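Work through the exercises below with the sequence and the coordinates open. Each task is followed by a solution in steps.

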Amino acid sequence: MPFARREQTRSGRRRARSPQGPVAYRSAKAALNRPLRLAYRVDVQGLDNVPTDEGVILAANHRSFMDSIFLALASPDPVAFVAKAEYFDHPVTRHLFSSTGQIPLRRGSPAGAREALAAASDVLTDGGTLGIYPEGTRSRDGKLHRGKLGPARLAAATGAAIVPVGLVGTDKVQLPDERLPHLFRPVSVRFGRALHLPSSDGRVPTSRLRATTDEIMQDIAALSGAEYVDSFA
């Protein structure tokens, strides 16, 4: 990659960050990049909308386990995803998720949520890229549901940009109840315009967090073509 991300600290200074990511992440992407592009017709749109000089939150719709694979494939920088903690409990997936820099989130645990939030904040303040699904879970009815406030809260706390992402066709690759993915299906990854939630002290009223989140979800709906419903998944 020809550039290094830079972080702007609260004092206004910037420092270069290596964009390479964990060794295991680089190895996995290098190994899977060509096979995935041969197995699927992956169309990436709007990549110029992703900032290259600050922390970035990629906020996407979520229909398939393969969503994270295709989003990581399309992103030029390493992506740390907030993933359910069960993946870190299973012996088969524990090492993969840990070694590639993914962040565990244990649902229903306030302490686990705080730990995930702190880890995600560290990624963003270091100028990194965070992948997150505002719906909080995979949509099983094909519709885009109301977003949770986490991405907006992180953007306010760290100054990171939020980039809405529409994933199209991943449900044809693998639905939540399917054990194996289907091959040779077209997939689109569409990056929308970046949004910022400026705050001098990281504190933003809940009403503003909600308004920003709703705007993000409307952008994701437009990018993905999914019908938006104002209820949580």
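**Exercise 1. Two helices**

Task: Decide how α1 and α2 are oriented relative to each other, and list the residues that make the contact.

Solution. Helices α1 and α2 are roughly perpendicular to each other. The model is a predicted one, and in it α1 (residues 23-39) and α2 (residues 67-74) pack at an angle of about 95 degrees. Angles of 65 to 115 degrees count as roughly perpendicular, so the value for this pair leads to that label. The axes of the two helices are 10 Å apart.
Next, the contact itself: α1 contributes Y25, K29, N33, L36 and R37, while α2 contributes I69, A72 and L73. By class, the residues of this contact divide into 5 nonpolar, 1 polar and 2 charged.

**Exercise 2. Overall form**

Task: Count the helices and strands of the protein, then judge its compactness from the radius of gyration.

Solution. Step one is the inventory, which gives 8 helices and 9 strands. Step two compares two values: the radius of gyration is 17 Å, and the globule rule gives 17 Å for 233 residues. The values are close, so the protein is as compact as a globular protein of that length. Step three adds the extent: along the principal axes, the C-alpha atoms fill a box of roughly 50 × 40 × 35 Å.
Two further figures complete the picture. Of the 233 residues, 46% count as buried. Among contacts with a separation of 6 or more, 73% are between residues 24 or more positions apart.

**Exercise 3. The sheet**

Task: Write down the strand order of the open sheet of 7 strands and identify the strands at its edges.

Solution. The order is β3-β9-β8-β4-β7-β5-β6, and the pairing is mixed. The edges are β3 (41-45) and β6 (103-105). Each of these has a single partner strand, so one side of each is left without a neighbour in the sheet. From one strand to the next the twist averages 25 degrees.

Now take the pairings one at a time.

- β9 and β8: strand β9 (residues 186-191) runs antiparallel to β8, with 4 bridges between them. G166 has R190 in β9 as its bridge partner.
- β8 and β4: these strands pair in the parallel sense over 5 bridges. V56 is bridged to A161 of β8, and I57 to I162 of β8.
- β4 and β7: the two run parallel and are joined by 4 bridges. L58 has G131 as its bridge partner in β7.
- β7 and β5: 3 bridges join these parallel strands, β5 being residues 79-84. Opposite A80 stands L130 in β7.

**Exercise 4. Burial in the sheet**

Task: Are the residues of β4 buried or exposed, on either side of the strand? Repeat the analysis for β8.

Solution. A residue counts as buried under 20% relative accessible area. In β4, 5 of its 5 residues meet this criterion. V56, L58 and A60 point one way and I57 and A59 the other way, and all are buried.
For β8 (residues 161-168), 7 of the 8 residues are buried, so the strand is largely enclosed by the rest of the structure. Helix α8 lies across β4, β8 and β9, running at about 30 degrees to β8.

**Exercise 5. Helix α6 and its cover**

Task: Find the buried residues of α6 and what covers them.

Solution. Helix α6 covers residues 150-158, and its buried residues are P151, A152, L154, A155, A156 and T158. The elements that cover these residues include β4, α5 (110-125), β7 (129-132), β8 and α8 (206-224). After α6 comes G159, which has a positive phi near 80 degrees.

**Exercise 6. A non-glycine with positive phi**

Task: Locate F184, and state whether F184 is buried or exposed.

Solution. F184 is found in the loop between α7 (170-173) and β9. Its phi is positive, about 60 degrees, although F184 is not a glycine. The relative accessible area of F184 is 57%, so this residue is exposed, the cut-off for exposed being over 50%.

Key:
Residues numbered from 1 in each chain as written. Predicted model: local features only at pLDDT ≥ 70, side-chain atom pairs only at ≥ 80, totals over all residues. Heavy atoms only, no water. Buried < 20%, exposed > 50% of the residue type's maximum accessible area, 1.4 Å probe, protein only. Pairing = 2+ DSSP bridges. Axes fitted to C-alpha atoms, helices over the stretch in contact; angles between N-to-C directions. Parallel < 35°, antiparallel > 145°, perpendicular 65-115°, else oblique. Contact = heavy atoms within 4.5 Å. Nonpolar A, V, L, I, M, F, W, Y, C, P; charged D, E, K, R; others polar. Rg over C-alpha atoms; globule rule 2.2 N^0.38 Å.
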